Amino acid sequence: MNLDKCFSNFQNALSDIQTNLSALAHNNPHARPPFHNALSALHRAFQGPTLSPPWARVGQSIMPMPRQPMSWEAIEERLEGVPVYALSNASEEFLLVAGASTGKNLGLFCFNEDDAQALLRQVSTVDPRMRDGSKVVPVALNKVFQLKVNGVAFRLIPEQSQVKNALRVREKSGFAANSFPGVPVFQSKSLILKSQDKRYRPLFFRKEDLEKSLHRASSDQNQLNPTLRQGDIQVATLEDVIKQMKENSTSKWEDVVFIPPGFDVSTDPRKQRTP
């Protein structure tokens, strides 16, 4: 993902819409617009209970067996408290974007609700019929990874600010680049969580949330442990973390939990911070 085009999929999709609409208006004013409703199976996939709080499923059942890759069910439990945002119509059916250049329909999921609202405004501008009843809806991240529909490609759209943060972290580590290959997640070796006598490493979708948690942890433990530092931040891609959790029996990611954007772990009474 190029830094100057970190929403390239987003922008290309909108470009495809405009191209399609121009062609449709010229050739057939009654043709179906490039936005259309997903199958009812997609609609059902987004139904269910309200998003779980980020610590609701951190318990005894999610730790993998020794020397075995994590089961997909265990990984899903780690992801289910993280919201992403998609578009739906008045019938609460998921909206897809038709890609003229690829021949595939795109399902776009934004980590930032404001980005999804901006997409909705673009959709309504391009196709006024989408204005009535269309809205932004939250979807649990684990539901996105469950979706498999022929002819549909699902795309996660990270926050542009976090892509920039990820590139800065990489640059400080001596790996300067102008692109980042996925959704960035941030961690620090100075921040460990404890729950039910187990230790977990939190992965944050926003660098600012990690820094806030480190700052509070450092303030809380300064007298007990003055070596706790606010720095020492690393970045990885969400896609690579999940791949290693699924495939690698010795994955270094098996003890991680994913922290939703805007959540400060230092305010949760069920954890402890240790260096």
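# A briefing on helices, salt bridges and a strand residue

Being four residues apart in helix H7, glutamate 211 and lysine 207 are separated by about one helical turn. Their side chains form a salt bridge, with the closest N and O atoms 2.4 Å apart. Keep in mind as you explore that this is a predicted model. With that pair as a way in, here is a tour of the chain, topic by topic.

**The chain as a whole**

- The chain contains eight helices and 11 strands.
- It has 275 residues, and 49% of them count as buried.
- Take the contacts in the chain with a separation of 6 or more: residues 24 or more positions apart account for 73% of these.
- About 14,300 Å² of the chain is exposed, and carbon and sulfur atoms supply 46% of that area.

**The salt bridge inside helix H7**

- How exposed is each partner of the pair you met at the start? Glutamate 211 has 26% relative accessibility, so it counts as partly exposed.
- Lysine 207 has a relative accessible area of 15%, so this residue is buried.

**A salt bridge between distant parts of the chain**

- Arginine 206 and glutamate 159 also form a salt bridge, and here the closest N and O atoms are 2.7 Å apart.
- This pair links distant parts of the chain, with the two positions 47 residues apart in numbering.
- Arginine 206 sits in the loop between strand E9 (198–204) and helix H7 (207–221).
- Glutamate 159 belongs to the loop between strand E6 (152–157) and helix H6 (160–172).
- With 24% relative accessibility, arginine 206 counts as partly exposed.
- Glutamate 159, in turn, is buried, because its relative accessible area is 8% and buried means under 20%.

**A salt bridge between an exposed and a buried residue**

- Arginine 129 and aspartate 127 meet through their side chains in a salt bridge, at 3.3 Å from N to O.
- Which of these two is exposed and which is buried? Arginine 129 counts as exposed at 54% relative accessibility, whereas aspartate 127 counts as buried at 4%.
- If you would like to look for others in the model, the total count is six salt bridges.

**How helices H3 and H8 meet**

- Two packed helices are described by the angle between their axes and the distance between the axes.
- Helix H3 covers residues 72–79 and helix H8 covers residues 238–247; their axes come within 10 Å and cross at roughly 145°.
- The crossing of H3 past H8 is right-handed.
- Which residues make the contact? On H3 they are Trp72, Ile75 and Leu79, and on H8 they are Leu238, Ile242, Met245 and Lys246.
- Sorted by character, the residues of this contact are six nonpolar, no polar and one charged.

**Valine 152 and its surroundings**

- Valine 152 lies in strand E6, the strand that comes before the loop holding glutamate 159.
- Is valine 152 buried or exposed? Its relative accessible area is 13%, so valine 152 is buried.
- Leaving aside neighbours within four places in sequence, valine 152 is in contact with Leu96, Asn105 and Gly107.
- Glycine 107 is 45 residues away from valine 152 along the chain, and yet the C-alpha atoms of the two are separated by 6.9 Å.

Notes: Residues are numbered from 1 along each chain as its sequence is written. This is a predicted model: local features need pLDDT of at least 70, side-chain atom pairs count only at pLDDT 80 or more; totals for chains, interfaces and linings use all residues. Side-chain values use heavy atoms; hydrogens and water are left out. Axes are lines fitted to C-alpha atoms, for helices over the stretch in contact, and angles run from 0 to 180 degrees between N-to-C directions. A crossing is left-handed if the near helix is turned anticlockwise from the far one by less than a right angle, and right-handed if clockwise. Contact means heavy atoms within 4.5 Å. Ala, Val, Leu, Ile, Met, Phe, Trp, Tyr, Cys and Pro count as nonpolar, Asp, Glu, Lys and Arg as charged, and the others, Gly among them, as polar. A salt bridge is a side-chain nitrogen of Lys or Arg within 4 Å of a carboxyl oxygen of Asp or Glu. Buried means under 20% relative accessible area, exposed over 50%, partly exposed in between (1.4 Å probe, protein chains only). Accessible areas come from the Shrake-Rupley method with a 1.4 Å probe; for residues, only the protein chains shown count as cover.
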